[in-house]
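Got the viewer open? Let's take a walk through this one, a stop at a time.

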Amino acid sequence: MRGTTLFSPHSAARETSEFTIMIKKTLNHIFICCVLPLALAGAEMTLDGDWRVSLEDPQSTESSPVWRNIRLPGTLDDAGIGEPLALAPELSFRVLTRLQRKTTYIGPAWYAREVTIPDSWTGKAIILELERVLWKSTVYVDGREYASQDSLTTPHRFDLGVVLTPGKHTLMLKIDNREIHKDVSHKIPRYQFPENMNVAHAYTNHTQIMWNGVLGSLRLRAEESVRIDSVSVATKDRTLDVVVNVSNGGVARRSGIKGVLRREGSTRILAEFSDSIDMIPGGGESRVAWTIPDDVKIEHWDEFSPALYNLELSVGKDGAHAVKTVFGFRELTARDGAFWLNGRRIFLRGNLTGAEFPLTGYPAADVEAWRKIIRTSKAWGLNHMRFHSWCPPKAAFVAADELGFYFQIELPHWCENKQGHDAASWAFLEAEADRIMREYGNHPSFMLFSLGNELQGDFDRENALVRRLREKDPRRLYTVTTFTFAKGHGRKPEPADDYYITQYTQAGWVRGQGIFNEKPPAFDADYSPVSAYIDVPMVTHEMGQYAVYPDLGEIKRYTGNLVPLNFIAVRNDLEKKGMLDLAPAFTQASGRFAALLYKEDIERALRTPTLDGFQILQLQDFPGQGTALVGMLNVFWEPKGFITPSEFREFCSETVPLVRLPKAVYEQGEVIRAQMDVSNFGKNFDAAVVEWRMIDDGGRVVDSGRFTPRAIPSGVLKACGAIEVPVANIKRAARWQLEAALAGTGYKNRWNVWVYPKKVEPVPTGVVFTTTLSDALAALAGGKRVVFNPPVKQIKGIEGKFVPVFWSPVHFPKQPGTMGILCDPKHPALAQFPTASHSDWQWWEPALRSKTVIINDLPVTPIVRVIDNFARNHSLANVFEAKVGKGSLLFCAIDVTNDLGTRPVARQLRNSLLQYAAGKDFEPVRELPENDLKNMLESGAK
């Protein structure tokens, strides 16, 4: 294995250093106190339990090491060993960057314990397995260095048979979590401190932390000298293509190999095979092909039927060495620009994980933890997970295999080094790719592989690596990079790509973030014009990233290794500003708004017949890179309460009713015309009936209908019919809802539309409507009721935007950075303006023609509040009221003056505000000084 140094037992026998004597004396003392019996299971010995750890080099003669107790598997963070957290909870860049570690240690640590090797292991290979290490492990036996390994993604395994003779031995591990290959992880200089700069998720402090220890399996295993080291199983039709890597310490010869096929979990033998292979001294690969008998029924593996099989293989004399590998019969291909699994077209409904584990700071290595994550993902309608710049432990693959879930694995690689990698870093990445294929390649869930996130550098070399990996292991599809910003790349597939992940093509965007602020809301758009010419499957990169206000109720959940100083700082700031009671409403309103944006983003993808999937960013919160709370779930994989899984599945599922509505807002006299579609990647429907109805905000059915039965096969986007609903004789503005469903199934969906009268109401008697400061002040001085709507360009404040904060206001500070509106829909000022408490699509045009006014410490009462981002926490408003002198002021920072004939939403908002200003409920009591009103406008405003 690359980077491994071998220890010669003969040279060790000749040399007895002072260090050897010292370490033996030290460890003998340790194990008199703490050694526990090791559990033996056949030829396996667990090393779980009590170890001792020192942060000082036992080889150093300058000081005596201090040894402390620790449990492995585990980390120094678990044991509370390291530098204690010294930051205060304040709205500083450093605090808001990420969750903070209670204790931090970056550097080498030495872990030691005593082991007793039984006589029955004499002459056998003795494999030490450390399932996951960050980043380098070095093994010492009886005080002498033996070998080192440096994988970030696969187990570190060492054959210690030549040194672990029967009897007692001191086993010591040096784990070094310092960065080895500095080019493989992108660094963001704005994070200022070295421990914060690395962002590739295999080695970062932003999601999983830069822990030191050993995770998962920690054991010694005795094996025969002739043994199977690895097995690769590929399936095509009824054929098993089996490649075995056999270690052989003897002479070259032919040997028998036997195989037994069973359904996973069953003892019944489905088929038996035998063959012969060449046994080569030192080891090597051999291939056999076996055909399943015709009378054996085989089930394919996919998201709907995750059928698993196991193949038991044995080699050597009398089958002395046997292994079992679990696999699935599945054939994944890319043809006609689409993904095909077992002959059926599939669509990836994907999430992303960057290794967010908020209690431990490191990924779970137990299957049940991953079952929870995958079951939750499936409950929200997803079938796919992208592992952004990391690869999970085996437990994740096992859970995904069982539950039918599709994985995209990536190298521990996020590179924005335009010059590419040095030779050592590139050699590490190539070796790491081979290790990943060898370790996890049989898992049917391992469907896709990318060299990393947003790569730059030497694309010729990266394309060559993809070609080599595919030639060696064609069981999955490969892509060079999960998108890239590199000049000359990213807008079309790389030459070696089986599939293509992007935000945009040469023709335009394929995700809503690039569109929703720029184009009026419509539910009929798709990405066909910008994707139809792409000739490989195309997947949308990092869809979403709509920030949600922090749920401060989560603070009490952090009972482990990480401290939510960022959340605590936001809580303290809100409390100081007198807005802490608003925090739950901020979370709910911004969250519901984000869910609506995700809905249109996903539906736009589903309406595109030439798109083959999306990867959202993300279903759960991302606790790093500026505290990016973009999830429908919190980082503990729990709903935040603003949308349920069943609501989300209405627009994110294998089968989704869709509508093509050209706009969201209609006026009296118009006709709502729409086409109904069904996106179906589930079962075949032979005679599906799509039914629909339009209901008003009181639940009354305005119109309804159903279409004639039709076949909707799997893998298609099917047009099912058109509807027409006149907007006639409406006396008041209303929000209607269009519902569509497949009769007799649970598949349904819905969309809000708004209908408005055309009339511009006159200014009521007793109310002054003005756009000039001088007129407003004069009327207020005279005790009048004033609706003041100054020109937007004259108002001091934050630029009006519809779409909320992108990702994080800390990571991307140069954005307006608000998070939608918050209002009381029952407020009398909005009595004639139907709205929810949060932003929805009818607010698009008013938001873009507005300023957001900062009302910190001002004695005003907001009617339409704007939610500020959590890094700033201003008190903001679009509409407020106050007493000014003898008069009563209703201030509106949304343009409700101009072009009202073509702006029905602004017109209706104006009408509602005017009626409120004229009514008995308009009685502001908080007094705003005249100068404060003047200061809201730019100097020179009249």
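**Start at an aromatic pair**

Select W509: it is partly exposed, with a relative accessible area of 32%. Now add Y504, which is buried at 13%. Keep in mind as you look that this is a predicted model. How far apart are the ring centres of Y504 and W509, and at what angle do their planes lie? The centres are 5.2 Å apart and the planes stand at 90°, so the pair is edge-to-face. Across the whole structure, a search turns up 43 aromatic pairs.

**Zoom out**

Show the whole chain as a cartoon. You should be able to pick out 17 helices and 54 strands. The C-alpha atoms fill a box of roughly 105 × 70 × 45 Å along the principal axes. The radius of gyration is 32 Å, which agrees with the value near 30 Å for a compact globule of 942 residues. Of those 942 residues, 60% are buried. Among contacts between residues at least 6 apart in sequence, 71% join residues at least 24 apart.

**Into the core**

Next, select W370, F407, F449, M632, L661, I672 and W736. These have the most contacts inside the largest nonpolar core, which has 192 residues. Colour helix α12 (residues 583-606) too: with 11 residues, α12 gives the most to this core. Apart from it lies another core of 33 residues, including L47, V53, I70 and L72.

Back to I672 for a moment. Leaving out residues up to four places away in sequence, I672 touches L661, Y666, M694, I723, E724, V725, V727, W736, V753 and V755.

**Helix α7 and the ring cluster**

Go to residues 394-403, helix α7. Why call α7 largely enclosed by the rest of the structure? Because 7 of its 10 residues are buried. Show A395, A396, F397, A399, A400, D401 and L403 to see the buried ones. Their cover includes α6 (367-379), β28 (406-410), α8 (423-440) and β29 (446-450). Just after α7 comes G404, with a positive phi near 75°.

Keep F397 on screen and add F357, W370, F387, W390, F405, F407, Y440, F446, F449 and Y478: ring pairs link them into a cluster with F397.

**Two arginines to finish**

Select R263 and Y309. The charged end of R263 sits over the ring of Y309, 5.0 Å from the ring centre. Then try R910 with F769, where the charged end of R910 sits over the ring, 4.1 Å from its centre.

How values were computed. Residues are numbered from 1 along each chain as its sequence is written. This is a predicted model: local features need pLDDT of at least 70, side-chain atom pairs count only at pLDDT 80 or more; totals for chains, interfaces and linings use all residues. Side-chain values use heavy atoms; hydrogens and water are left out. Buried means under 20% relative accessible area, exposed over 50%, partly exposed in between (1.4 Å probe, protein chains only). Helices (H or I, at least four residues) and strands (E, at least two) are DSSP runs, numbered from the N terminus. Contact means heavy atoms within 4.5 Å. A nonpolar core is a set of buried Ala, Val, Leu, Ile, Met, Phe, Trp, Tyr and Cys residues joined through side-chain atoms within 4.5 Å. Rings of Phe, Tyr and Trp (its six-membered ring) pair if their centres lie within 6.5 Å; planes under 30 degrees apart count as stacked, over 60 as edge-to-face and the rest as tilted. A charge sits over a ring if NZ of Lys or CZ of Arg is within 6 Å of the ring centre and within 35 degrees of the ring normal. The radius of gyration is taken over C-alpha atoms; the globule rule is 2.2 Å times the number of residues to the power 0.38.
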